[in-house]
Amino acid sequence: MNRAPIHRVLAALEHAGCSPHSAGSGWRARCPAHADKTPSLSIGIGRDGRTLIRCWAGCEVQAILEVLDLKWPDLFLRPVRRGRGA
Ligand SMILES: [Zn+2]
């Protein structure tokens with residue numbers, strides 16, 4: 001059961017072809033929100049279990065989430081309400 005938010009995010013990055021891989025205490029991936037040739041995206045887990053995303057090129061987290069088709073609640077440890085249909 002991979003219900004932790006980090007797994008949602010990593011799965012979405014994988015799906016987007018961003019090649020997430022572990023690095024140090026977190027993960028690195030190519031940023032889906034800009035033309036990234038090197039992995040500029042740093043992904044980690046915060047103390048409260050939330051997923052931390054940071055693009056070192058300066059993309060806003062909101063923009064990254066939109067490309068990945070994720071929402072803010074997807075980053076947090078709490079039940080995610082599935083959208084109406086789709
Ligand atoms: Zn970026």
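**Inside a predicted fold**

User: Hi! Which residues touch the most other members in the largest nonpolar core?
Analyst: Val9, Leu13, Ala29, Leu41, Ile43 and Ile64 do, out of 18 residues in that core. A nonpolar core here is a set of buried Ala, Val, Leu, Ile, Met, Phe, Trp, Tyr and Cys residues joined through C-beta atoms within 7 Å. Buried means that 20 or more other C-beta atoms lie within 10 Å of a residue's own, exposed means 12 or fewer, and partly exposed is in between, with C-beta atoms placed from the backbone.

User: And which element gives the most to this core?
Analyst: Helix H1 does, with 5 residues. At least two residues each come from H1, S2, S3, S4 and helix H2 (61–68). These helices (H or I, at least four residues) and strands (E, at least two) are DSSP runs, numbered from the N terminus.

User: Before we go on, what kind of model is this?
Analyst: It is a predicted model, where local features need pLDDT of at least 70, side-chain atom pairs count only at pLDDT 80 or more, and totals for chains, interfaces and linings use all residues. Residues are numbered from 1 along each chain as its sequence is written.

User: What is the mean pLDDT of the protein chain?
Analyst: The mean is 90, and 87% of the residues reach 70 or more; pLDDT is the predictor's confidence in each residue, from 0 to 100. Among the elements, S2 has the highest mean, 98, and H1 the lowest, 95.

User: New topic: in what order do the strands of the sheet come?
Analyst: The order is S1-S2-S3-S4, in an open sheet of 4 strands with antiparallel pairing. S1 and S4 (51–55) are at the edges with a single partner strand each, so one side of each has no neighbour in the sheet. From one strand to the next, the twist averages 30 degrees. Axes are lines fitted to C-alpha atoms, for helices over the stretch in contact, and angles run from 0 to 180 degrees between N-to-C directions.

User: How many residues lie between S1 and S2 in their hairpin?
Analyst: There are 2, and glycine 24 in that turn has a positive phi of about 60 degrees. S1 (residues 21–23) and S2 (residues 26–29) pair over 3 bridges, where a pair needs at least two bridges found by DSSP. Serine 22 stands opposite tryptophan 27 in S2.

User: Where does H1 lie?
Analyst: H1 (residues 5–15) lies across S2, S3 and S4, at about 40 degrees to S4.

User: Is leucine 10 in that helix buried or exposed?
Analyst: Leucine 10 counts as buried because 20 other C-beta atoms lie within 10 Å. Leaving aside neighbours within four places in sequence, leucine 10 is in contact with Pro20 and Trp27; contact means C-beta atoms, placed from the backbone, within 7 Å.

User: What about arginine 78, buried or exposed?
Analyst: Arginine 78 counts as exposed, because there are 11 C-beta neighbours inside 10 Å. Arginine 78 is in the segment after H2. The C-alpha atoms of arginine 78 and glycine 49 are separated by 9.7 Å, and these two are 29 residues apart along the chain.

How values were computed. Two residues are in contact if their C-beta atoms, placed from the backbone, lie within 7 Å.
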